[in-house]
Amino acid sequence: MSNTPMAANPLTRAVLEIDEYVSGLGWDQPARLFALVDTARLRAEQPSLADRLGLDDDSGTSGLTPIEQDEIPTGKPLDEFLATIAWPDAVAGCALAVERLMLPPSAEAQVPQGLDEAALSKWVAEHPDRQEVRMTVAVLRDGGRESALRLREKDSPTEVLTGSDLVPGLAEALAATFEE
């Protein structure tokens with residue numbers, strides 16, 4: 001991706017590349033799952049796929065190549081879907097881009113008690129301080145993690161927040177897809 005800022009860490013670069021790709025599709029998108037494969041290994045073991053993906057033979061560069069997976073089923077909760085995933089050994093990591101509504105910490109005290117999941121979702125969606133956010137979270141088999149957060153109201157490549165522990169629950173769910 002041409003607009004992806006260069007980051008020192010290959011996982012950070014992969015997360016920013018995925019964020020840029022999903023951003024180009026616009027908002028109100030379904031969740032998207034990506035396998036992360038070692039680029040050099042992909043070039044060596046599957047050169048025709050590497051060619052189709054437009055990966056140049058730049059042997060001096062190590063990195064990760066995101067490969068989008070089939071669409072995530074809409075009728076199944078995300079955590080249940082993730083629990084069904086098993087990755088082949090060639091997959092070094094995985095990433096998920098998903099949109100959610102967030103509230104500031106100050107709104108926690110305002111949450112009505114006793115709401116079921118549907119009522120809570122409706123309450124959050126109607127809250128005046130809600131923020132629409134796209135979270136791109138990636139994990140590696142070896143435990144590495146990275147995230148990128150983009151607010152809809154500040155939808156710009158220069159306004160993307162990155163960090164390893166921004167969405168710990170989602171990172172844990174993704175890491176569990178590599179457990180045997």
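In this predicted model, E99 has a relative accessible area of 17% and is therefore classed as buried, since residues under 20% fall into that class. The residue belongs to strand β3, which covers residues 93-102. A salt bridge joins E99 to R134, and the closest N and O atoms of the two are 3.6 Å apart. Because E99 is in strand β3 whereas R134 is in strand β4 (residues 131-140), this pair ties together parts of the chain that are 35 residues apart in sequence. R134 is likewise buried, with a relative accessible area of 1%.

The side chain of E99 also takes part in contacts with the backbone. A polar atom of this side chain lies 2.9 Å from the backbone nitrogen of D28, and the side chain of E99 reaches the backbone nitrogen of Q29 at 3.2 Å. D28 itself is found in the loop between α1 and β1, the latter strand being residues 32-38. With a relative accessibility of 55%, D28 counts as exposed, because the cut-off for that class is over 50%. The backbone of D28 has a further feature, namely a phi near 65°, which is a positive value in a residue other than glycine. As a general background to this value, most residues other than glycine have a negative phi.

The pairing of E99 with R134 is a salt bridge, and the structure holds nine salt bridges. In general terms, side chains of opposite charge can pair when their charged atoms come close. Another salt bridge is formed where the side chains of D19 and R150 meet, with an N to O distance of 2.5 Å. This pair links distant parts of the chain, as D19 is located in helix α1 (residues 10-24) and R150 in strand β5 (residues 145-151), 131 residues apart. Both D19 and R150 are buried.

A salt bridge is also present between the side chains of R152 and E132, here with an N to O distance of 2.8 Å. Distant parts of the chain are again linked, with R152 in the loop between β5 and β6 (161-163) and E132 in strand β4, 20 residues apart. R152 has a relative accessibility of 31% and counts as partly exposed, while E132, at 32% relative accessibility, counts as partly exposed as well. Beyond the individual pairs, salt bridges that share partners join D19, R150 and D155 into one network.

Charged residues also appear together on the surface, where D79, E80, D116 and E117 form a negative patch. Among them, E80 lies in helix α4, which covers residues 78-82. The relative accessible area of E80 is 43%, and this residue is therefore described as partly exposed, a class that falls between the cut-offs for buried and exposed.

The region that follows includes an aromatic residue, W87, which lies in the loop between α4 and β3. At 12% relative accessibility, W87 counts as buried. The C-alpha atoms of W87 and F178 are separated by 6.6 Å, although the two residues are 91 residues apart along the chain.

Technical notes: Residues are numbered from 1 along each chain as its sequence is written. This is a predicted model: local features need pLDDT of at least 70, side-chain atom pairs count only at pLDDT 80 or more; totals for chains, interfaces and linings use all residues. Side-chain values use heavy atoms; hydrogens and water are left out. Patches are made of residues with over 30% relative accessible area and no salt bridge: like charges are joined within 9 Å, nonpolar side chains (Val, Leu, Ile, Met, Phe, Trp, Tyr) within 5 Å. Accessible areas come from the Shrake-Rupley method with a 1.4 Å probe; for residues, only the protein chains shown count as cover. A salt bridge is a side-chain nitrogen of Lys or Arg within 4 Å of a carboxyl oxygen of Asp or Glu. Lys and Arg count as positive and Asp and Glu as negative; His and the chain ends are not counted. The place of a charge is taken as NZ of Lys, CZ of Arg, CG of Asp or CD of Glu. Helices (H or I, at least four residues) and strands (E, at least two) are DSSP runs, numbered from the N terminus. Buried means under 20% relative accessible area, exposed over 50%, partly exposed in between (1.4 Å probe, protein chains only). A polar contact is a pair of N or O atoms within 3.5 Å; within protein, one must be able to donate a hydrogen and the other to accept it, and residues adjacent in sequence count only if both atoms are side-chain atoms.
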